[in-house]
Amino acid sequence: MSGATPDKKGKMKGILTDVTKCIGCERCVEACANVNDLPVDLPSKHHRKDGLSGRRITSVLSLHNGKVKARKQCLHCLEPSCAAACLVGAFYKREDGPVIYEAHKCIGCRYCMIACPFSIPRYEWSEPIPYIRKCKMNEECRVEGDVPACVAACPTGATIFGEREELIKEARRRIKDNPGRYMDHIYGEHEFGGTSVLYITGKDQPLTDLGFPTPKELKKRAVSVLEKDSIPHMNHKWVMVVTPVQFATVFAGLFGVWTIRRRQKLSRHPHESDLDAAGFDEVCDTGPSQDGDDKEGE
């Protein structure tokens, strides 16, 4: 299972987005496109309403009837579902935070798109040789100060970059100092096993449109465990218990079918059982002697 062990979480880098400071200027989107050399985005039937596509890996959403602006990007899960679902290991979680995608390994199955609980990975539908696109958060998008270009471009400080544990402490400090301004919750601290990209938001402004379901929604879907656990970890337990049972069931079923077919065949050709009992060599030995008897008879 791909993921981060607890003792490594403190070394991880991450991004904290304070939604109350975002003004929707989209300079982060522009900086991301420039540093990753992304072409101009084109309208497509494959585009979703969140602004992400094969040509845009960061977007700014308008939430709560336009009252709230929030940035959307890959959340770099601590135990990424995309990596667990990938058949060829094209995704993996680095110890310092980013979830990396290696295009040269990709076979285009797009299981990562289905597995991601936040619906982040996008496919380059318009390209003759398409690959998956998503936020990198690694050295390729860092600028002066060793921070991602998107973070450096924010004019209001709505996003900051640093060690994940320090970002959580900063988020808690802001919530404690301004209880009337913030919702008492850090999005990404625990959801789906935790993410390296974190959010804090204003009072009564949940971030469900960013892919964070409410505890009530998780309970309704009978997956309340995902409030603090990851999908790969949850599935790992299920696979370890169910897979041996499935294997034994399939094997027993196939053996039963073979037995029934064998009995049916022998019932139609009863002499075959006699030949099997006598042995192939003995049956072959009777051939020449019979020919000799025939000749003697002549």
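In the predicted model, E124 counts as buried, since its relative accessibility is 11%, and its side chain meets that of R133 in a salt bridge with an N to O distance of 3.0 Å. The partner R133 is partly exposed, having a relative accessible area of 22%. This pair belongs to a set of 16 salt bridges found in a search of the whole structure.

Further salt bridges involve helix α5, which comprises residues 164-177 and spans 20 Å from its first C-alpha to its last, close to the 20 Å expected for its 14 residues at 1.5 Å a residue. The buried residues of α5 are R164, L167, I168, A171, R174 and I175; viewed down the helix axis, the buried residues fall within an arc of 125°, and they therefore line one face of the helix. These buried residues pack against β1 (13-18), β10 (159-163) and β11 (197-200), whereas the face turned away from the buried side carries the exposed residues K169 and K176.

Within α5, the side chains of E170 and R173 meet in a salt bridge of 2.6 Å, N to O, and, being three residues apart in the helix, the two are separated by about one helical turn. Residue R172 of α5 forms a salt bridge with E189, the closest N and O atoms being 2.3 Å apart; this pair links distant parts of the chain, as E189 lies in the loop between α5 and β11, 17 residues from R172. E189 is buried, with a relative accessible area of 13%, while R172 counts as partly exposed at 47% relative accessibility. Salt bridges that share partners also join D18, E170, R173, R174 and D177 into one network.

Key
Residues are numbered from 1 along each chain as its sequence is written. This is a predicted model: local features need pLDDT of at least 70, side-chain atom pairs count only at pLDDT 80 or more; totals for chains, interfaces and linings use all residues. Side-chain values use heavy atoms; hydrogens and water are left out. Helices (H or I, at least four residues) and strands (E, at least two) are DSSP runs, numbered from the N terminus. The expected span of a helix is 1.5 Å times one less than its number of residues. Buried means under 20% relative accessible area, exposed over 50%, partly exposed in between (1.4 Å probe, protein chains only). The arc is that of the directions from the helix axis to the C-beta atoms. Contact means heavy atoms within 4.5 Å. A salt bridge is a side-chain nitrogen of Lys or Arg within 4 Å of a carboxyl oxygen of Asp or Glu.
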